[in-house]
Amino acid sequence: MSRTFAIGGVDIKDYKLSCNKAIETLPSPALAFFPLSQHIGAPAVPVVAVGDSVKVGTLIARGESVMSASIHSSVCGVVKKIDAVQSVNGTNVPAIVIESSGDAEEWESEIDRSADVISECALSAEQIVDRIRNAGIVGLGGACFPTHVKLVPPKDCKIDSLIINGVECEPFLTADHRLMLEHSAEIVVGIEILKKALDVNIAYLGIESNKKDAIVLYDRLFSGRKDIKVVKLKKKYPQGGEKQLIDAVLGRRVPNPPALPANVGVVVENVATVYAVYQAVQKNHPLIDRVVTVSGTDVQNPCNLLVRLGTPVSQLIEKAGGVPQDTAKILHGGPMMGKVIQSTDIAVTKGTGGIVMLTVEQSKRKPEMNCVRCAKCVEACPMGLEPYLLARCAKEQNWDYAAECGIMSCIECGCCQSTCPSMRPLLDWVRYTKSKVGAIIRERNNKK
Amino acid sequence: MPQVIVLSLILLGSIGLIVGLILFFVSKAFAVETDQRIARIESLLPNANCGGCGLPGCSAYAAKAVEQGSLDGLVCNACTAENRQLIASILGSDAEILDEQVAVLRCNGTCSNRVASQAEYDGTKTCAIANMSGAGQWLCSYGCLGYGDCTNVCSFGAITVDAESGVASVNPDVCTGCGACVKSCPRGLLMLAPKTKPQKRIWVACANRDKGPVARKSCSVACIGCGKCAKDCSFNAITISDNLAWINPKKCFLCGKCVENCPTKAIKLFE
């Protein structure tokens, strides 16, 4: 009997086309771009100047405030410029551009590049968090929340369980799945490290039922252990959402914002983050690469690639066989929560989990019709909200009522819009309402 | 029979008299004093309830004006100068004489001179939502989106989105300068410019803060922040910040030199 979260959610076709493709390593790019803001929080501050030569793994921008993350060079070369480059949503953002110096790559000397798995970790909790902070690790599930902040929960919260997110509920994406299969030993060590850092006794690894091989593998690895368990979950979107996963695994409900999972004694980390933590703590390997899925129904060669951060997306697409003829939209992320990219020149950042190419048929919106009061959106909302009502609040500019209806707990998963039989753009309006209400709340807090 | 008529007349008449007297005294005793000036001021206001002054409507404006006894901090751009004088005389104070203003669009891009982005936007056709999802239809992430949020809020029908150019255009004859559109634009592209001389104003019709070459790549009429106008200006009215020129209307004498010399024709003069 597999578990799942209690309220809402939709069952969507998963299109895991690349789930049997082993992770391939993409060669490092000739020109790498590092936007200074690849995470939630304050942008990192550059510590290199134009003309400086850097090695692989050299710190190029430091996260100075608590809510920030450092950035390391993923190539060996010379800083060409610090200038605005195009970001995911088409605006120009400041970034460090590094020109690679060719084939002979020089790495920072303290990085352990051997393939051996080091399972012993003698560091204390503070030292572990320190290493994670220095490595610039953020939540690799897509939200890019700095991991070191998560590992130091507020004082009044007692953390009792760690949940590892191996759900990957977005269609098309298989990067986490492949990582779980190919680097299981490292992930197990990574979980131990995180348990030590948080001082918790029990960890759960949540995996959806469409990844049977991973469930079998980790069941075997964890057999006979009481402090670490695999939780088999029923396939349902958005199970990878933090709050949904906590509900599915432990049956605990996180209260409305500003409450965090820490308020119910849980910290959730993505498997890719766990792998990055292992690399940082045991091998001194900063976050300079990640696994990215390149997929789409018409894509010639859907694949999982180990990509250096800063690589232009066009190189990934080339590796997957180019942009198919009928492509209307190229997404950064999965089809449910991903963003359409304006140009394939943008670089892979810490939050890039996948590049998905959709055909005209799959991506074009159909004409909007009237609401038929079927309440499918209400049924689908995993946060127990009423999307049709929130959308109406936006049209009437009734922000107070929207706040009363709990708009701020919306996770923007898109279940409401995907399930609407009248093709109403519910998420558009809900997101707009959320941004407006959020701005009003921030303004009020500033006044206080 | 006549008795009945007389009786009912007396009865109804006396009831009417008593009730009338009660109502008369009650209305005297519980009278709510309203300032007659409120109604008079309200009749002088444009009564479009545009919200440009920041109050819920024209009656709220009138009530506030009477309450504070002056027009301090109460700006109604839609009101004519003549009416403003009259309102001031009702209040018994000197109303500050504001320059008349009109809304102008700080975007010069049209379908022909802007570069389209690779991604097509087919989401909800409002500027606010399109702006949230990124740069929109065009490569320039600062320019007019052309879905007409400003058109929808204009109470005077002064703004239209031109189908050919794809950007909003303000009809200066109809625009009262109420400022409702300024608040509605998610990219802050509309601003109020003074009608210094009748029907004449000058402004930088671009909001692109990217560096010159980047801005140029996305739009052929973008302000590239080259600073030529600032150098040429005889009155030091132009400053450059964030790769964007800004003309100080208080210093500008509308000589038009900058308009002629701008290499990308980003400065507009309206005559």
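Which strands of chain A does helix H3 (residues 175-182) lie across, and at about what angle to E13(A) does the helix run? In the predicted model, helix H3 of chain A lies across E13, strand E14 (303-308) and E17 of chain A, and its direction makes an angle of about 125° with that of E13(A). H3(A) is mostly covered, six of its eight residues being buried. The buried positions are Ala175(A), Asp176(A), His177(A), Arg178(A), Leu179(A) and Met180(A).

The strands beneath this description belong to an open sheet of six strands in chain A, arranged in the order E1-E14-E13-E17-E15-E16. The pairing within this sheet is mixed. Its edges are formed by strand E1 (24-25) and strand E16 (339-340) of chain A, each of which pairs on one side only. Within the sheet, strand E13 (residues 289-295) and strand E17 (residues 354-359) of chain A are joined in the parallel sense by three bridges. Ser295(A) has Val356(A) in E17(A) as its bridge partner.

Chain A is divided into three domains: domain 1 (29-104 + 288-362), domain 2 (125-283) and domain 3 (376-447). Domain 1 is thus assigned in two segments, 29-104 and 288-362. The centres of domain 2 and domain 3 of chain A, taken over C-alpha atoms, are separated by 28 Å. Six residues from domain 2 of chain A and seven residues from domain 3 of chain A take part in the contact between these domains. On the domain 2 side, the contacting residues comprise three nonpolar, three polar and no charged.

A second set of strand pairings in chain A centres on strand E9 (residues 161-166), in which six of six residues are buried. In a regular strand, side chains alternate between the two faces of the sheet. Both faces of E9(A) are covered: Ser161(A), Ile163(A) and Asn165(A) are buried on one side, and Leu162(A), Ile164(A) and Gly166(A) are buried on the other. E9(A) pairs with strand E10 (residues 202-208) of chain A in the parallel sense over six bridges, and Ile163(A) stands opposite Tyr204(A) of E10(A). E9(A) also runs parallel to strand E12 (residues 266-270) of chain A, to which five bridges join it. In this pairing, Glu269(A) of E12(A) is the bridge partner of Ile164(A).

Helix packing in chain A is illustrated by helix H1 (residues 125-134) and helix H7 (residues 271-283), whose axes come within 9 Å and cross at roughly 110°. Because angles of 65 to 115 degrees count as roughly perpendicular, H1(A) and H7(A) are assigned to that class. The contact brings Ile128(A), Arg131(A) and Ile132(A) of H1(A) against Val277(A), Ala280(A) and Val281(A) of H7(A). By class, this contact has five nonpolar, no polar and one charged residues.

A further helix pair is found in chain B, where helix H2 (residues 36-44) and H4(B) pack at an angle of about 175° with their axes 9 Å apart. H2(B) is therefore roughly antiparallel to H4(B). Arg37(B), Arg40(B), Ile41(B) and Leu44(B) of H2(B) meet Asn83(B), Leu86(B), Ile87(B) and Ile90(B) of H4(B). The contacting residues divide into five nonpolar, one polar and two charged.

Among the residues of this contact, Ile90(B) lies in helix H4 (residues 81-91) of chain B. Residues up to four places away in sequence aside, Ile90(B) touches Arg37(B), Arg40(B) and Ile41(B). Ile90(B) and Arg40(B) are 50 residues apart in sequence, with a C-alpha to C-alpha separation of 8.2 Å. Ile90(B) counts as partly exposed because 18 C-beta neighbours lie inside 10 Å, whereas a buried residue requires 20 or more.

The contact between the two chains takes 18 residues from chain A and 16 residues from chain B. On the chain A side, E16 and helix H14 (426-447) are the elements that give two or more residues. H14(A) gives the most, with four residues. By class, the side of chain A that touches chain B has five nonpolar, seven polar and six charged residues. E16(A), one of the contributors to this side, is also an edge strand of the six-stranded sheet.

Methods. Residues numbered from 1 in each chain as written. Chains lettered and ligands numbered in written order. Predicted model: local features only at pLDDT ≥ 70, side-chain atom pairs only at ≥ 80, totals over all residues. Pairing = 2+ DSSP bridges. Axes fitted to C-alpha atoms, helices over the stretch in contact; angles between N-to-C directions. Nonpolar A, V, L, I, M, F, W, Y, C, P; charged D, E, K, R; others polar. Domains from an automatic or database assignment. Buried ≥ 20, exposed ≤ 12 C-beta atoms within 10 Å, placed from the backbone. Parallel < 35°, antiparallel > 145°, perpendicular 65-115°, else oblique.
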